[in-house]
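Trainee: Could you take me through one part of this model up close? I would like to see how a loop and the elements on either side of it fit together.

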Amino acid sequence: KRQRVGTTDQVTTQVEAPTTFRWDRLTYSSALGYCLLVAGLSVGVVLSELRDEFGISGVVAALHGSTFGIGLLFAGVFGVKLVDRVGRRQVLTISAACLAGGVVLFCIGPSWPITLLGTAFSGAGGALLVMVMPGLISDHHGEHRAAAFAAVNGAPGIAGVAFSLVIGGALSAGWSWRPPYLILTGVFTLALVVVAHPVALPDGERHGAFSLRHFFDRDVLVPWAHIVNAVLAEFTVGIWAVTYLREVGHAGAGLAPILASVFGVMMFATRLALPVLLRWWGEATISYSFVVIGAGAAVMCFAPNLAGKTVGLVIVGVGGSPRYPLAVDRCYQRSGHALDAVALGAYCALASGVAVTLGPLALGALADSVGLRWAILIVPVLAAVGAFTQRSRTVY
């Protein structure tokens, strides 16, 4: 089938969507893509090591996580044109190459400007992945996209646990974090290449040239803002978790990443349980999850010891997992009349980009001024806003 996109003809591949959600080769490939994304985002596991090694401030340390957000902003604005020109498969190939190459540069960097450059490459690759993947999953799984997106986004939790445990174990043994980081990234890259190579991707229908004018459409802007808030509360804690347990909870260099792995475990487990939560709580699931994540961040702040702060991180992981896939699903439901799946992916990337850029930086700036312990209280504030504004679909 040949269709017109702006001024460019492109050939689309027709791939039949499953009648129910199921794990197939494309779904496994998507999950592995997100696992490779974890490699690019696992800089938080070694943020304390970088702070000690290079003597960098909280803001400079946070920039290593915010480069992903900056990449998302560029992907949201320019990524659709790249998809229209070369197709989803080629964009995902570029994404994987940037992620893997950026991690290599980050691991071998002898100074913080080089490590920051590495995170810029991996951030750009991760941004392209985040821009393309929601639309791809939506086109492939249709009305079952919420369950599919939650399941696919659960896999990175296990990858995050692997990075935390392996790197934490290496640090506990007195070894460098760099070789295990590189090895794990290589394993996920190889697995993705082997599984994804023969998969046919749906190109997705396009409704004309991409434009940001839809921001003036309330049916786009409001759910877009909800995604921003959802990512702000979750990603900010994820990036700073290891550093927080080490600097505020006084965990050792090796113990902090191991304890922080509970965040990924709970994110994974709760996303698998999302259908059950939806049966229990229905439309209130997002609001309840905001309440839980706010309570967990408060426990992290006020708990008197490392054990209590780790329990707080567990609570944050439980509350953090349902919000993003549900917020994205609601955005697709409400904005689908105005935007096609490819354009919606770009708008979602922009939402994530704003949150990922501002969240870690805001926490880093607060940490420099009031201390990291009290800076974490920004999360309950964000959670309160989210719980109120997303308490039901009727408030849209």
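Mentor: Happy to! Let's start with His250, which counts as exposed because its relative accessibility is 67%, over the 50% cut-off. Keep in mind that this is a predicted model. His250 sits in the loop that links helix 8 (218-247) to helix 9 (255-272). Its backbone deserves a look too: His250 is not a glycine, yet its phi is positive, at about 60 degrees. For comparison, most residues other than glycine have a negative phi.

Now move out from the loop to the two helices it joins. Two packed helices are described by the angle between their axes and the distance between the axes. For helix 8 and helix 9, the angle is about 155 degrees and the axes lie 7 Å apart. Angles over 145 degrees count as roughly antiparallel, so that is how helix 8 and helix 9 run relative to each other. The crossing of helix 8 past helix 9 is right-handed.

Which residues of helix 8 and helix 9 meet? On the helix 8 side they are Glu234, Gly238, Ala241, Val242, Leu245 and Arg246. Their partners in helix 9 are Ala256, Pro257, Leu259, Ala260, Phe263, Met267 and Arg271. As you look along the helix 8 list, it helps to recall that an α-helix has 3.6 residues a turn, so residues three or four places apart point the same way. To put the part together: His250 is in the loop, and the helices on either side of the loop pack roughly antiparallel.

Key:
Residues numbered from 1 in each chain as written. Predicted model: local features only at pLDDT ≥ 70, side-chain atom pairs only at ≥ 80, totals over all residues. Heavy atoms only, no water. Helix = DSSP H or I, 4+ residues; strand = E, 2+ residues; numbered from the N terminus. Buried < 20%, exposed > 50% of the residue type's maximum accessible area, 1.4 Å probe, protein only. Axes fitted to C-alpha atoms, helices over the stretch in contact; angles between N-to-C directions. Parallel < 35°, antiparallel > 145°, perpendicular 65-115°, else oblique. Left-handed = near helix turned anticlockwise from the far one by under 90°. Contact = heavy atoms within 4.5 Å.
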